[in-house]
Amino acid sequence: DDNPKYQVKIKLPNSRRIRKSTGITNHRDAIRFAEDLYYDLKAKQRNGEEINPVKFSKVFKEWVRYREMRGQDSSYTAEDIRGAEIHLLPSLKDKDIRKIGFDEIIEHFEKRQKEIPAPAVSTLNKDKRWLRHLFLFARNKNLIDTIPEVPAIRVKGRPVSRPNFTRDEYH
């Protein structure tokens with residue numbers, strides 16, 4: 001290729017190095033792009049925004065590949081993946097996994113308990129187990145430093161345990 005696209009490598013203080021394609025073949029335009037990107041990232045950093053967010057959905061996909069590759073009981077693995085995909089992914093997918101803490105987890109379980117029909121305690125405990133597995137996987141991959149506390153679940157009444165169905169499949 002006689003017209004390569006330039007790449008930019010940026011290192012800001014207290015941040016990982018960022019390498020990105022400019023998508024530009026003109027040298028002068030690539031330099032302008034790199035400068036603009038640098039100042040945008042520096043402004044984000046100054047405002048306390050995350051420069052390199054690690055989306056929950058990305059970690060989830062890696063966890064799924066890891067679980068499928070490990071070769072444990074396939075029905076157990078498939079149930080874990082499907083359940084986590086149905087119940088965890090919708091509420092946490094766009095969040096930076098490093099910013100998910102006790103409050104975000106409580107918010108997830110409060111939303112889950114307001115669903116109709118209400119999930120059984122055993123189902124919510126599965127959610128807890130999947131979360132712990134995902135956070136442990138993320139920590140082992142050095143994506144997070146500590147695993148956030150997953151709260152105890154208290155539910156009024158005793159809903160009956162059901163298989164992992166989406167809301168549409170249930171009705």
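**Exercise 1. In which loop does Asn-142 lie, and is Asn-142 buried or exposed?**

Step 1. Place the residue. Asn-142 sits in the loop between H6 and helix H7 (167–170). This is a predicted model.

Step 2. Apply the cut-off. A residue counts as exposed over 50% relative accessible area. Asn-142 has 68% relative accessibility, so Asn-142 is exposed.

Step 3. Check the backbone. Asn-142 is not a glycine, yet its phi is positive, about 60°. Most residues other than glycine have a negative phi.

**Exercise 2. Which residue does a cis peptide bond join to Pro-117?**

Step 1. Find the loop. Pro-117 lies between helix H5 (102–113) and helix H6 (121–140).

Step 2. Read the bond. Ile-116 and Pro-117 are joined by a cis peptide bond. Its omega is about 0°.

Step 3. Set this against the general pattern. Most peptide bonds are trans.

**Exercise 3. Describe the second largest pocket, from its volume to its lining.**

Step 1. Start with the volume. The second largest pocket holds about 170 Å³ of space.

Step 2. Turn to the residues. The lining has 12 residues, and the closest to the pocket centre are Trp-63, Tyr-66, Arg-67, Arg-70 and His-133.

Step 3. Assign the elements. Helix H2 (56–70), helix H3 (74–87) and H6 each give two or more residues to this lining. H6 gives the most, with 5 residues.

Step 4. Sort by class. The lining of the second largest pocket has 5 nonpolar, 4 charged and 3 polar residues.

How values were computed:
Residues are numbered from 1 along each chain as its sequence is written. This is a predicted model: local features need pLDDT of at least 70, side-chain atom pairs count only at pLDDT 80 or more; totals for chains, interfaces and linings use all residues. Side-chain values use heavy atoms; hydrogens and water are left out. Helices (H or I, at least four residues) and strands (E, at least two) are DSSP runs, numbered from the N terminus. Buried means under 20% relative accessible area, exposed over 50%, partly exposed in between (1.4 Å probe, protein chains only). On a 1 Å grid over the protein atoms alone, a cavity is a set of points where a 1.4 Å probe fits but cannot get out, and a pocket is an open set with protein on both sides within 12 Å along at least five of seven lines; lining residues have an atom within 4 Å of a point. Grid points are joined across faces, edges and corners, and a volume is the space filled by probe spheres set on the points. Ala, Val, Leu, Ile, Met, Phe, Trp, Tyr, Cys and Pro count as nonpolar, Asp, Glu, Lys and Arg as charged, and the others, Gly among them, as polar.
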